[in-house]
Amino acid sequence: MTEGRISVPGGKVWYRRTGSGGAPLLLVHGGPGYPSDLLFDAFAPLAQEREVVWYDQLGVGRSDPVDDISLLTVDRFLDELGAVSEGLGLERPHVYGHSWGGRC
């Protein structure tokens with residue numbers, strides 16, 4: 001398991017990466033405002049079969065706070081998702097969006 005922070009539009013977000021093999025699964029938490037912690041237990045067993053990546057969106061959990069409310073748009077969150085995927089070198093990840101995360 002590795003954890004770190006990655007630059008996205010507006011700041012840095014925290015991520016956790018675990019498992020290996022198969023198409024990576026990138027998890028987008030609900031909210032806005034709920035951290036990815038709520039998805040840890042549900043998806044940890046899947047890391048026995050493939051790579052799983054959790055991250056906290058900007059302004060949530062272990063990620064940087066949002067000082068500029070103009071950053072709180074669906075388009076910016078889509079850009080953030082792309083930046084996380086690209087920054088972690090994920091090629092064609094499967095994306096699971098939970099609640100609000102499904103809009104991204």
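Start with the aromatic side chains: this predicted model holds three aromatic pairs. Select Phe 40 and Trp 54, whose ring centres lie 5.6 Å apart with the planes at 90°, so that the pair is edge-to-face. The two residues come from distant parts of the chain, Phe 40 belonging to helix H1 (residues 40-43) and Trp 54 to strand E4, 14 residues apart, and both Phe 40 and Trp 54 are buried.

Next, select Phe 43 and Tyr 96, a tilted aromatic pair with 5.0 Å from centre to centre and 50° between the planes. This pair, too, links distant parts of the chain, since Phe 43 sits in helix H1 and Tyr 96 in strand E5, 53 residues apart. Phe 43 counts as buried because its relative accessibility is 15%, whereas Tyr 96, at 34%, counts as partly exposed.

Add Trp 14 to the selection, and Trp 14, Phe 40 and Trp 54 appear as one aromatic cluster. Two charged ends belong to this view: that of Arg 16 sits over the ring of Phe 40, 4.2 Å from its centre, and that of Arg 62 sits over the ring of Trp 14, 4.3 Å from its centre.

Now switch to the backbone, where five strands form an open sheet of mixed pairing in the order E1-E2-E4-E3-E5. Strand E1 (2-8) and strand E5 (94-97) stand at the edges with a single partner strand each, so one side of each is left without a neighbour in the sheet. Within the sheet, select residues 25-28 (E3) and 52-55 (E4), which run parallel and are joined by four bridges; Leu 26 has Val 53 in E4 as its bridge partner. Finish with helix H2 (residues 74-87), which packs on the sheet, touches E1, E2, E3, E4 and E5, and makes about 130° with the direction of E1.

Methods
Residues numbered from 1 in each chain as written. Predicted model: local features only at pLDDT ≥ 70, side-chain atom pairs only at ≥ 80, totals over all residues. Heavy atoms only, no water. Pairing = 2+ DSSP bridges. Contact = heavy atoms within 4.5 Å. Axes fitted to C-alpha atoms, helices over the stretch in contact; angles between N-to-C directions. Phe/Tyr/Trp six-rings, centres within 6.5 Å; stacked < 30°, edge-to-face > 60°. Buried < 20%, exposed > 50% of the residue type's maximum accessible area, 1.4 Å probe, protein only. Lys NZ or Arg CZ within 6 Å of the ring centre and 35° of its normal.
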